[in-house]
Amino acid sequence: ALAGVLYAPLQGLAPFNLTLLILETFAVVVVARLRSVPIAIAAGLGIGAFQGLMVKVQGDIVNAWAGLQQVEPYLFVLALPIFLVIWRDLDEIGSDGSTVSLVSGSVGSRRRRNDLMIPGTVAMVVLIGVSFVLQYGGLQVMQEFLATTVIFLSIVAITGFSGHITLGQAAFAGMGALLTTKISNGVMPFFPKLTPILAMLVSACLVTVLGLATGYPALRRRGLILGLATLALNLVIYFMVFQNNYFLNAGTSTTSRPSFFGINLTSDAAFYRYELVVAVIALLITSSLRSGRLGRVLAAMRDSEVGAESIGINMRRYKLFIFAASSFLAAIG
């Protein structure tokens, strides 16, 4: 709190910039492995001095690649993920299995689904009726609402079902949008020009690979440390890709809306209904993750990984699966 008071006159009360300050601060704490105050103080001074030196020399370093020149002011965001990779034995915070149990007879049961039939049907009728009532501006808001719903379903899948804190879903969603636009416009290297729907599916599969890479640190981590790792990934992608004209200049200014078996979806009402169908499919996929044996395994993972492993559940396989599934949903959104 004292640091925030002292820092505010220099930075202002900008939430995004203050988030970057937190990222730098946690890099210091991670270097100290969350155990040693003296090491944290020394690491803070060392990282601060290193950033000061980088201002003088990083211009020569980044000249080797035009894409890196766009992000040289933000090279410090790489510090946290590097240290998280180096220190593999960080203390686990919030992983003591003290969460409320989810493993019960209600997981995956048909009765629980039947209870949702009536309100779900009413909600669907209302959402369909919206497309016949709202005009241009209102439909745009509803389109964003449905897209955001799919992205939040990906958070339900990873955090709600398996208990893993992830702060990187926005990066997956952004990569899905970027890759879909590039592939549908035919400017993605090594990929042919595809229709928007096919481009969306291919992009989601590519982002799934990124989700697997993100899930790898989760094999040994939970709680705060995993949240930091996913936050670091989010910011690295934001600065290295989304703020980099090297990736954004070609073929990303606009893209066409899809058509499906001759049905034109270019109008706002038709595109809204298309999004509604996609959102329902995403909801069904998310619901299926919690049903049957898979749902019970994910619930056991959330309650106690040690307990789940003691009865022979392969945590490695299921962790990678849930990270891949959630990143796929976020990219679709």
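Colleague: In this predicted model, is His164 buried or exposed?
Modeller: His164 sits in the loop between α8 (136-160) and α9 (169-184). Its relative accessibility is 0%, and the cut-off for a buried residue is under 20%, so His164 counts as buried.

Colleague: With which residue does the side chain of His164 make a polar contact?
Modeller: A polar contact requires a pair of N or O atoms within 3.5 Å. The side chain of His164 meets that condition at 2.9 Å, and its partner is the side chain of Ser162.

Colleague: Is Leu226 buried or exposed, and what separates its C-alpha atom from that of Ile165?
Modeller: Leu226 belongs to helix α11 (residues 223-242), and because its relative accessible area is 0%, Leu226 is buried. Although Leu226 and Ile165 are 61 residues apart along the chain, their C-alpha atoms are separated by 6.5 Å.

Colleague: Is Ile118 buried or exposed, and which residues make the nonpolar surface patch of about 410 Å²?
Modeller: Ile118 has its place in helix α7 (residues 117-133), and with a relative accessibility of 66%, set against the cut-off of over 50%, Ile118 counts as exposed. The nonpolar surface patch of about 410 Å² is made by Met117, Ile118, Val122 and Val126.

Colleague: Which residue caps the N-terminal end of α16?
Modeller: Helix α16 runs over residues 315-332 and reaches 26 Å from its first C-alpha to its last, close to the 26 Å expected, and 13 of its 18 residues are buried. At its N-terminal end, a side-chain oxygen lies 3.2 Å from the backbone nitrogen of Arg316, and the residue that supplies this oxygen as the cap is Asn314.

Terms used:
Residues numbered from 1 in each chain as written. Predicted model: local features only at pLDDT ≥ 70, side-chain atom pairs only at ≥ 80, totals over all residues. Heavy atoms only, no water. Helix = DSSP H or I, 4+ residues; strand = E, 2+ residues; numbered from the N terminus. Expected span 1.5 Å × (residues − 1). Buried < 20%, exposed > 50% of the residue type's maximum accessible area, 1.4 Å probe, protein only. Polar contact = N/O pair within 3.5 Å; in protein donor to acceptor, adjacent residues only side chain to side chain. Patch = residues over 30% accessible without salt bridge, like charges linked within 9 Å, V, L, I, M, F, W, Y side chains within 5 Å. Areas by Shrake-Rupley, 256 points an atom, 1.4 Å probe, with all protein chains shown as cover. Salt bridge = Lys/Arg side-chain N within 4 Å of Asp/Glu carboxyl O.
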